[in-house]
Amino acid sequence: MAVVSLRALRKSYGPHEVVHGVDLEIRDEEFVVLVGPSGCGKSTILRMLAGLEDNSSGEIAIDGAVVNDKEPKDRDIAMVFQDYALYPHMSVFENMAFSLRYRGVDKNEIRRRVEEAARILDIGPLLERKPRQLSGGQRQRVAMGRAIVRKPKVFLFDEPLSNLDAKLRIQMRTEIKKLRERVRTTTVFVTHDQVEAMTLADRIVVLNSGVVLQVGTPEEIYDRPQTTFVAGFIGIAPMNLLPSRLERQDGHCVAVLPGGARLPLEPAQADSAPSRDVYVGLRPEHLEWAPHDDSGGVLAGPASVVEPLGSDVMVAFTVGDHDVQARLPPRTVRSTGAPVKVRVAPGNIHLFDRASEQRLGP
């Protein structure tokens with residue numbers, strides 16, 4: 001069992017605090033992804049968990065035992081770094097076996113563990129090669145294999161896919177997903193790529209400026225972002241956030257968008273106040289092509305950017321003075337300046353208080 005607990009965890013460099021009282025419980029065998037922009041504190045949290053950085057205050061516990069004062073080698077964790085950190089003069093086998101030899105593990109047990117990890121990662125034929133003879137993806141597999149042979153309580157991944165090209169990153173995401181099914185170990189994975197977070201995580205922790213903004217499953221984070229930052233950060237294309245106002249119309253609540261468009265809301269979304277300044281959040285994939293719809297709840301404007309993607313097309317158009325992105329069926333809009341008309345179902349409208357930037361309603 002490996003439950004990881006972070007309690008009021010803080011980190012300061014002189015007067016500058018970079019991690020602000022993080023509380024997080026990571027369950028046994030759970031795959032948790034820390035995600036956020038550069039400088040949000042996610043790698044600092046990982047390094048404190050590994051023992052590579054001292055925490056300024058708060059506690060880090062593994063299986064209920066506080067490890068603040070323990071050396072990295074005594075925490076029973078294994079870390080996979082962004083730059084692989086392989087020994088260039090050693091073979092793949094020697095790289096994977098090094099930590100076990102350092103700990104005095106029996107030679108036969110070392111060979112058994114290395115060969116088992118190589119089989120899981122499909123790098124058996126590479127065991128006698130040197131790192132310079134491997135591709136980037138193969139090197140990352142070796143780095144993961146070196147962690148697997150340790151059989152630690154916790155795996156830590158520090159942006160392990162950042163150095164790979166786009167195609168290889170997709171391939172390695174799949175490999176990590178497969179590895180997850182074979183090796184059920186508590187894992188903390190750090191990335192700035194929200195696609196990696198959505199595809200890999202059991203739960204996602206969204207950070208910004210050293211503060212945890214939301215913790216939840218990928219579905220919870222996507223369906224119910226709790227702040228405008230989370231709404232704009234999570235999603236293949238960012239959520240459109242339009243400064244708007246809630247008003248009453250014929251006993252119903254509507255959101256009045258820039259340019260005067262009025263979107264009817266579901267009863268559960270209707271705020272008790274007759275008027276309120278809000279941000280209306282609209283995901284590009286929830287905007288539906290409606291060229292002949294003249295009813296209410298329609299957004300229209302000329303296309304300013306058209307990006308054909310094959311399976312669909314990303315279109316930016318102007319609503320009032322604000323750009324809106326829509327993901328539409330292919331070939332619906334072919335050129336800039338073409339008219340765009342879309343509608344959105346009330347159930348796909350997100351509301352955020354303008355002042356606090358916090359979610360409103362369900």
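Note to self before the helix pairs: the axes I use are lines fitted to C-alpha atoms, for helices over the stretch in contact, and the angles between N-to-C directions run from 0 to 180 degrees. I'm working on a predicted model.

**Entry 1: α2 and α4**

I started with α2 against α4. Their axes cross at roughly 30° and come within 8 Å of each other. Angles under 35 degrees count as roughly parallel, so I put α2 down as roughly parallel to α4. I noted the crossing of α2 past α4 as right-handed.

Next I listed who touches whom. From α2 I have V92, N95, M96 and S99, and from α4 I have V142, G145 and R146. I sorted the residues of this α2–α4 contact by class and got three nonpolar, three polar and one charged.

**Entry 2: α2 and α3**

Then I turned to α2 (residues 92–102) with α3 (residues 107–121). I read an angle of about 135° for this pair, and the axes are 10 Å apart. Over 145 would have been roughly antiparallel; α2 and α3 are therefore oblique to each other. I logged a right-handed crossing here too, with α2 passing α3.

On the α2 side of this contact I found F93, M96, A97, L100 and R101; facing them in α3 are I110, R111, R113, V114, A117 and A118. The class split for α2 with α3 came out as eight nonpolar, no polar and three charged residues. I flagged M96, which is in the α3 contact and also in the α4 contact.

**Entry 3: the largest pocket**

Which residues sit closest to the centre of the largest pocket? I had its volume first, about 510 Å³. The lining has 17 residues, and those closest to the centre are M79, F81, S99, R146 and R150. I checked which elements give two or more residues to the lining, and they are β6 (77–80), α2 and α4 (136–148). S99 and R146 were already in my list for the α2–α4 contact. By class I wrote down 12 nonpolar, one polar and four charged residues for the pocket lining.

**Entry 4: cavities**

How many cavities of 30 Å³ or more are there? I counted two. I looked further into the largest cavity, whose volume is about 70 Å³.

Its lining, as I copied it down, is F31, F155, F157, I176, L179, R180, V183, T185 and T187. Two elements turned up with two or more lining residues, β7 (154–158) and α5 (166–182). I marked α5 as the one that gives the most to this cavity's lining, with three residues. The classes here are six nonpolar, two polar and one charged; R180 is the charged one, and T185 and T187 are the polar pair.

Note on methods:
Residues are numbered from 1 along each chain as its sequence is written. This is a predicted model: local features need pLDDT of at least 70, side-chain atom pairs count only at pLDDT 80 or more; totals for chains, interfaces and linings use all residues. Side-chain values use heavy atoms; hydrogens and water are left out. Helices (H or I, at least four residues) and strands (E, at least two) are DSSP runs, numbered from the N terminus. Angles under 35 degrees count as roughly parallel, over 145 as roughly antiparallel, 65 to 115 as roughly perpendicular and the rest as oblique. A crossing is left-handed if the near helix is turned anticlockwise from the far one by less than a right angle, and right-handed if clockwise. Contact means heavy atoms within 4.5 Å. On a 1 Å grid over the protein atoms alone, a cavity is a set of points where a 1.4 Å probe fits but cannot get out, and a pocket is an open set with protein on both sides within 12 Å along at least five of seven lines; lining residues have an atom within 4 Å of a point. Grid points are joined across faces, edges and corners, and a volume is the space filled by probe spheres set on the points.
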